[in-house]
Amino acid sequence: MRPLRTLARRALPLLLLAAAGTPAAAQEPAPDREGLGTWITLGTNAGPVVVPERSQPANLLRLAGKDYLVDVGDGAAGRMEQAGVQSRAVDAIFLSHLHFDHTGGLAAVLGLRFQTSARDPLTIYGPPGTRELVEGLLASMVPGVTANYGVEGAPPVDHRAGITVRELRDGDRIEVDGMTVTVARNTHYSFPEGSAMAQRFQSLSLRFDLPGRAIVYTGDTGPSARLEELAKGADLMVAEMMDIPLTIARLIAANPGIPEGQLQAMQTHLSHHHLSPADLGALAARADVGGLVVTHFSGWDAGSPEHFAYLTTLSAAYPGPFEIADDMDAF
């Protein structure tokens with residue numbers, strides 16, 4: 001075990017329980033720390049540009065013998081296996097928003113759940129549009145479900161059985177298996193207030209108040225007063241962070257023929273709808289969270305001078321412990 005990184009002035013109340021890629025992390029599920037809940041960063045790479053070292057954004061919250069997915073990016077099913085959790089055993093799924101890097105693994109989870117004859121009910125919680133997303137994925141499964149294993153006379157199976165969707169909006173608070181989940185609309189979208197698009201789509205941050213501690217997941221967002229209020233006093237904040245100029249440069253390099261209008265829209269989105277290291281440090285400090293875990297990371301790799309600059313920027317603003325997480329870290 002190694003502590004959350006700190007270049008600052010406060011003691012380390014939180015521990016990193018499992019390092020990414022270790023045999024222990026691959027063979028045994030990370031424990032639920034005395035009922036406090038364990039948060040596992042299954043995938044930590046910010047989309048849309050993929051990298052071989054990190055999967056797309058996905059997380060696993062383990063509490064009192066139950067397992068909850070929080071975002072389901074591409075590669076989530078394989079990372080779940082590393083954590084010792086099969087797709088059929090997922091107790092609920094929470095989606096922060098509907099961008100493809102956060103939902104690309106949901107089809108695999110639903111398909112594998114069908115193929116392993118899961119019987120337990122599954123509720124998928126998410127922002128407006130989640131029902132449309134899930135219905136589309138279930139419709140895409142029909143050919144494979146109909147052919148199934150190719151055995152003549154095999155009884156049909158309803159692959160929709162037990163799957164329900166509950167859409168959440170800004171300010172909603174629900175009870176799930178003894179924890180309270182509160183959501184707040186953040187600034188990952190900037191549709192005009194009251195517009196049809198603002199009504200139709202929301203990007204959410206989620207607060208999980210467990211019996212022993214509170215964990216806030218920012219999802220994707222820019223600076224946000226609603227998020228800051230949601231995170232007040234939380235024991236742990238799991239937050240996105242991007243080197244925005246570098247991300248824009250990498251996007252252009254990966255898509256040299258991108259149309260000018262689309263490029264301008266992406267540059268605006270990255271510049272205003274995401275958190276830079278300085279933004280995140282200020283947010284964590286104002287919210288007075290007990291510890292900070294950085295995920296949805298896009299930037300220079302650890303060991304480089306540029307990466308060290310992220311650490312000093314965070315530490316200058318936020319006096320608590322923090323860690324830039326890797327896939328399969330557990331907190």
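This text walks through the aromatic rings of a predicted model and then turns to two of its arginines.

The model holds 7 aromatic pairs. One of them joins Trp 39 and Tyr 217, whose ring centres are 5.7 Å apart. Their planes meet at 40 degrees, so this pair counts as tilted. The two residues come from distant parts of the chain: Trp 39 belongs to strand S3 (residues 38-43) and Tyr 217 to strand S12 (residues 214-217), with their positions 178 residues apart. Trp 39 has a relative accessible area of 0% and is therefore buried. Tyr 217 is also buried, with a relative accessible area of 3%.

A further pair is made by Phe 94 and Phe 208. Here the centres are 5.3 Å apart and the planes stand at 85 degrees, an edge-to-face arrangement. Phe 94 lies in strand S6 (residues 92-94) and Phe 208 in strand S11 (residues 204-209), so the pair ties together parts that are 114 residues apart in sequence. Both Phe 94 and Phe 208 are buried. These four residues, together with Tyr 68 and Tyr 125, form one aromatic cluster.

Now to the arginines. Arg 250 places its charged end over the ring of Trp 300, 5.6 Å from the ring centre.

Arg 113 is found in helix H4 (residues 106-115). What does this buried residue lack? Arg 113 has no salt bridge. The nearest side chain of opposite charge is that of Asp 120, 7.0 Å away. Beyond its neighbours within four places in sequence, Arg 113 is in contact with several residues, including Ser 87, Arg 88, Pro 121, Leu 122 and Ile 163. Asp 120 is also among these contacts.

Definitions and conventions
Residues numbered from 1 in each chain as written. Predicted model: local features only at pLDDT ≥ 70, side-chain atom pairs only at ≥ 80, totals over all residues. Heavy atoms only, no water. Helix = DSSP H or I, 4+ residues; strand = E, 2+ residues; numbered from the N terminus. Buried < 20%, exposed > 50% of the residue type's maximum accessible area, 1.4 Å probe, protein only. Lys, Arg positive; Asp, Glu negative; His and termini not counted. Salt bridge = Lys/Arg side-chain N within 4 Å of Asp/Glu carboxyl O. Contact = heavy atoms within 4.5 Å. Phe/Tyr/Trp six-rings, centres within 6.5 Å; stacked < 30°, edge-to-face > 60°. Lys NZ or Arg CZ within 6 Å of the ring centre and 35° of its normal.
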